[in-house]
Amino acid sequence: LKARFAFPDWAYKPESSPGSRQIQLWHFILELLQKEEYQGVIAWQGDYGEFVIKDPDEVARLWGIRKCKPHMNYDKLSRALRYYYNKRILHKTKGKRFTYKFNFSKVVLVNYPILDMANSPFFLAQNHFNGGVLKKNEQINLIVSNSALDY
DNA sequence: CACGGAAAGC
DNA sequence: GCTTTCCGTG
């Protein structure tokens, strides 16, 4: 029995950008999590959206290959992951080694077509989970800043 | 390990 | 803007 997450298919299209933008780390992480052959390396585990990097050296190596950075390691990769905290794409699961958690609704929102966003279930879910603290502008800014609308 | 500032690269 | 690199701190 495998953990399944209700990501829409388009959420798993890291290289769908027609502008040939560079792949982002969180796209890459999702890509690995999607593939069963990497379950010994990185896998969904625990809470909804939570994942464990089982083999940090290997994940770093694979990321380094993708970005043509042969000297990539977990120290550097994890710094990049930490930059996601303020962007609310990820946060750390404290006390659990190599364990992070996607802010699921945010991640999906980032990929959501802007025209449908206001009435999207993800927008409503976002406000629900955050107690309505997040402002609409903030979410729109995040979408724009990620240039996620490759449609 | 995990965090985050600082600077540099692209 | 998104890392990559380096590193002091807890």
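Modeller: A crossing is right-handed if the near helix is turned clockwise from the far one by less than a right angle, and left-handed if anticlockwise. This is a predicted model: local features need pLDDT of at least 70, side-chain atom pairs need 80 or more, and totals for chains, interfaces and linings use all residues. Residues are numbered from 1 along each chain as its sequence is written, chains are lettered from A and ligands numbered from 1 in the order written, and side-chain values use heavy atoms, without hydrogens and water.

Colleague: What makes H1 oblique to H2?

Modeller: The axes (lines fitted to C-alpha atoms over the stretch in contact, with angles from 0 to 180 degrees between N-to-C directions) of H1 (residues 25–34) and H2 (residues 56–67) cross at roughly 120° and come within 11 Å. Under 35 degrees is roughly parallel, 65 to 115 roughly perpendicular, over 145 roughly antiparallel, and the rest oblique. So H1 is oblique to H2. The crossing is right-handed.

Colleague: Which residues make the contact?

Modeller: Leu-25, Phe-28, Glu-31 and Leu-32 of H1 meet Val-59, Leu-62, Trp-63 and Arg-66 of H2, with heavy atoms within 4.5 Å. Six are nonpolar, none polar and two charged.

Colleague: How do you know that Tyr-74 has a polar contact with DNA strand B?

Modeller: A polar contact is a pair of N or O atoms within 3.5 Å. A side-chain N or O atom of Tyr-74 is 3.1 Å from a phosphate oxygen of strand B, so the pair qualifies. A polar side-chain atom of Tyr-83 lies 3.2 Å from a base nitrogen of that strand. In Phe-98, a backbone N or O atom lies 2.8 Å from a phosphate oxygen of strand B.

Conventions
A polar contact is a pair of N or O atoms within 3.5 Å; within protein, one must be able to donate a hydrogen and the other to accept it, and residues adjacent in sequence count only if both atoms are side-chain atoms. Helices (H or I, at least four residues) and strands (E, at least two) are DSSP runs, numbered from the N terminus. Ala, Val, Leu, Ile, Met, Phe, Trp, Tyr, Cys and Pro count as nonpolar, Asp, Glu, Lys and Arg as charged, and the others, Gly among them, as polar.
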